[in-house]
Amino acid sequence: MTNHWKDIGNADVVLVMGANPAENHPCGFKWALEARDNRDARIVTIDPRYTRTSAVADRHLQIRPGSDIAILGGLIRKILDEGLYHEEYVRLHTNAAFVVREGFDFENGLFTGFDEVSGSYDRSSWDYERGADGYVARDPTLQHPRCVFQLLRRHYDRYTPDVVAQIAGCSAEDFLDVAEILVSTGTADRVGTIMYAVGWTMHTVGSQIIRTAAIMQLLLGNIGRPGGGINALRGHANVQGATDHAIVAEILPGYLKVPLPEQSSLASYLAESTPAPLVPDTVNYWGNYPRFFVSQMKAWFGESVTAQNDYGYHYLGKPAGDATWLSLWDEAHESRLQGLIALGFNPLLAGPDVPRLLRAMSNLRWKVVIDPFMLDSAEFWKAPGMNPEDIDTEVLYLPATHWIEREGSFTNSGRWAQWKEKAINAPHGVRSDTWIVSELFWRVKELYEAEGGAYHEPIQSLRWDYLNPREPTLGELAREINGYDLTTGRLLSSFAELRDDGTTSSGNWLYCASWTEEGNQMARRDPSDEAGLGFHHGWAFSWPLNRRVLYNRASADGEGRPWDATRAGIRWTGREWIGDVPDYGRTTPPDQAGAFIMTEEGVARLFTTYLADGPMPEHYEPAESPSPNLLHADVAVNPTVNWYPGVREALANGDDEFPHACTVYRVVEREHFVTSNVPGLVELMPDFFVEVPEGLAAEKGIENGGRVRVWSKRGEVEGVAIVTKRIQPLTVNGRTCWTIGIPVHWGFVGLTQGSMANLLTPYVGDANTRCPEFKAFVVNVERA
């Protein structure tokens, strides 16, 4: 989240798209209702289904799964075409004036620089034009034909209401009805927010959907302001914290970069990871990258790493490929992966194309499951259709504590790290995951000491100087993450104190100041709120530096005056910034640097070279779609998607045998897989079911409460039919399009069993993150 949960209560307009927070984030969603009740805010849902969130919204727009960029692109077109953007904000706080180099173009679904053989772009043609001083050329009038503002205008000019309606399946009138609400915040006295979740990320264009929303919010001047922002709904209960600490494969903690094979020295790695400023008036805070990285290496390896050995840079792996979820299981599928440790994760139910996953798991020589429960992945050989005699995989189960059986910190969606206490003791014989991981380390270290072996140095050199080295306390780990001044032993109070000379340590620079000499800041519980905007600076710790709204310098104009004095993020007094913790130097005058201190441009990016699939978002159809691409039929699907062996052959694109769109989702009674072991919740929602639109059910002879079969090119499910008016027929490209809805919670383990929804989903993912495309595919349906 750029903002935080309570801040949603400051909004005038709340767009819920790619999310269903009334169902999946009910405690957080109350703040949207507070905005409605106290500020007369308008709530709009845009979704393939009429959800529990839609039931309390002012407007709902049903769309076809996978048409999100078409909708958002149409909103951008309306904002630009009708001059509804916040002009002063756009000029001051975005790269609208930046000029892109000559030769850049977009034609027939492709940006310049595309290579057919590799399926990737040479992004150099998307770069800015430079002046004689080496800095980016800018046109403050926004009239240059190659400035970002004009490129945006031309790119989204194709997204007319009629085109949007044909792609998404809604009517042009209904689209314009919700558009009037959503684009109404491009003024200083109004602000809108967006709430999204995995309904956006789980697409082959997931990253670009979020980029499109960011562009819209920037044009309206809604980033950095109380009541605004792009708010990712994470939670449950530490997804944000896990990501911050690098649970995803392509980053190190604090969003540092995993070294590449060609970066053979620390100097080359730091040079390529540390951006140079593109304009003279930018803070370019990522210029401190060497401080963050060296301090992290000191936290990990202690006195064994110095300037003389490149701070242990050679200890780190430098993978040539990626280790994202899809690629990891593809390695297993192709028999190139021997073993796997699953810690607090049920990959069989959490991944796409279950038949393919079962084949992949069967190819493993060994698998370790560390979990409070024996979930489906722990006993995958019991899945329907599997023959245990054909599987040689050795599976080891280590029962671990559940989070209610331990103290520690959760970082919620709003970046608030909050310390919690243990609620109950763990059952006899169950060990903490900290003990299990630490013990694995010691067993491997002791084997190296006894037997020697390859690549021993990183293990032997790890810093592990805890009071009980076999089981560190969570407080010790939290202080290590915060970091120390190694010359004095003092806990650091700001990442501004980090150095790249080996005199400081920090396991994650973003969490520096979370546990200081004043104590555990995450455990603070002062509820006071001086500004009345929900900042609550005395409650817990919010990274970075206890800042509650990111980019908050953009909440004020060029002279430091808040756009809206009643919702002032920060304001300039003439000597300093007051309000929220400023995302800017506290005494830096407002005209000295750009508001977006982390970018080389100093401003926010309406146009970027950082994503693999384009500098501006474009609508592409899902990998499986019931419709051709109406914008460019020859390039229907994201051209930079990674295709794993055998996946194209398992798709049903354009196949009349699979005419219906389908999407998967969660229900509040189940939350996720672990709740299949909670009797009260299972009683509330015992049976696997399928939502079938009323009109399609009548056509197929399917009765409410009867049995229904749904199948894709990969597998089939069967369950109770819920015949519903909540999903209406759509008209896509002149044809009727039906959408089927399927919840994901069931498997062959738990108090009740049911079909695995991911028997149906395709093995393909986002071009940037490889996040699987669960949210849009095609199926057929019949009465069982």
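Student: What share of the 784 residues of the chain counts as buried?
Tutor: In this predicted model, 58% of the 784 residues count as buried. The cut-off is under 20% relative accessible area.

Student: How many helices and strands does the chain have?
Tutor: The chain has 20 helices and 32 strands.

Student: What makes the chain as compact as a globular protein of that length?
Tutor: Its radius of gyration is 26 Å. The globule rule gives 28 Å for 784 residues. The two values are close, so the chain is as compact as a globular protein of that length. Along the principal axes, the C-alpha trace spans about 75 × 70 × 55 Å.

Student: What share of the contacts joins residues at least 24 apart?
Tutor: Take the contacts between residues at least 6 apart in sequence. Of these, 71% join residues at least 24 apart.

Student: What does the chain expose, and what do carbon and sulfur atoms supply?
Tutor: About 30,800 Å² is exposed. Carbon and sulfur atoms supply 51% of that area.

Student: How many positive and negative side chains are there, and where do the centres of the two sets lie?
Tutor: There are 71 positive and 102 negative side chains. The centres of the two sets lie 3 Å apart.

Student: Which residues of helix 6 are buried?
Tutor: Helix 6 covers residues 161–168, and its buried residues are Val164, Ala165, Ile167 and Ala168.

Student: How do you know that they are on the same side of helix 6?
Tutor: Look at the arc around the axis. They cover only 165 degrees, which puts them on the same side of helix 6. An α-helix has 3.6 residues a turn, so residues three or four places apart point the same way.

Student: What do the buried residues of helix 6 pack against?
Tutor: They pack against helix 3 (68–81), helix 7 (172–182) and strand 29 (730–732). Right after helix 6 comes Gly169, with a positive phi near 95 degrees.

Student: Which residues of helix 11 are buried, and what covers them?
Tutor: In helix 11 (residues 266–273), the buried residues are Leu266, Ser268, Tyr269, Leu270 and Ser273. Their cover includes strand 10 (251–252), strand 11 (256–257) and helix 12 (289–301).

Student: Why is Ser461 called buried?
Tutor: Its relative accessibility is 14%. Buried means under 20%. Ser461 therefore counts as buried. The residue is found in helix 17 (residues 457–461). Leaving aside neighbours within four places in sequence, Ser461 is in contact with Phe301, Ser304 and Tyr315.

Student: Why is Val749 called buried?
Tutor: Val749 has a relative accessible area of 17%. The limit is under 20%, so Val749 is buried. Val749 is found in the loop between strand 31 (739–743) and strand 32 (777–783).

Student: Which residues is Val749 in contact with?
Tutor: Neighbours within four places in sequence aside, Val749 is in contact with Met374, Leu375, Asp376 and Glu379. Pro628 is 121 residues from Val749 along the chain, and their C-alpha atoms are separated by 39 Å.

Student: Why is Thr187 called partly exposed?
Tutor: Its relative accessible area is 34%. Buried is under 20% and exposed is over 50%. The value for Thr187 falls in between, so the residue is partly exposed. Thr187 is found in the loop between helix 7 and strand 8 (192–196).

Student: Which residues is Thr187 in contact with?
Tutor: Beyond its neighbours within four places in sequence, Thr187 is in contact with His86, Leu220 and Arg225. Thr187 and Leu220 are 33 residues apart along the chain, and their C-alpha atoms are separated by 7.2 Å.

Student: What is the phi of Asp353, and where does Asp353 lie?
Tutor: Phi of Asp353 is near 55 degrees, a positive value in a residue other than glycine. Asp353 lies in the loop between helix 14 (347–350) and helix 15 (354–363).

Student: Is Asp353 buried or exposed, and why?
Tutor: Asp353 has 7% relative accessibility. That is under 20%, so Asp353 counts as buried.

Student: Why is Tyr551 called partly exposed?
Tutor: The relative accessible area of Tyr551 is 26%. Partly exposed lies between the 20% and 50% limits, so the term applies to Tyr551. Its phi is positive, near 60 degrees, in a residue other than glycine. Tyr551 is found in the loop between strand 22 and strand 23.

Student: Which kind of peptide bond joins Trp543 and Pro544?
Tutor: A cis peptide bond joins them, with omega about -5 degrees. Pro544 is found in the loop between strand 22 (541–542) and strand 23 (570–572).

Conventions:
Residues are numbered from 1 along each chain as its sequence is written. This is a predicted model: local features need pLDDT of at least 70, side-chain atom pairs count only at pLDDT 80 or more; totals for chains, interfaces and linings use all residues. Side-chain values use heavy atoms; hydrogens and water are left out. Buried means under 20% relative accessible area, exposed over 50%, partly exposed in between (1.4 Å probe, protein chains only). Helices (H or I, at least four residues) and strands (E, at least two) are DSSP runs, numbered from the N terminus. Contact means heavy atoms within 4.5 Å. The radius of gyration is taken over C-alpha atoms; the globule rule is 2.2 Å times the number of residues to the power 0.38. Accessible areas come from the Shrake-Rupley method with a 1.4 Å probe; for residues, only the protein chains shown count as cover. Lys and Arg count as positive and Asp and Glu as negative; His and the chain ends are not counted. The place of a charge is taken as NZ of Lys, CZ of Arg, CG of Asp or CD of Glu. The arc is that of the directions from the helix axis to the C-beta atoms.
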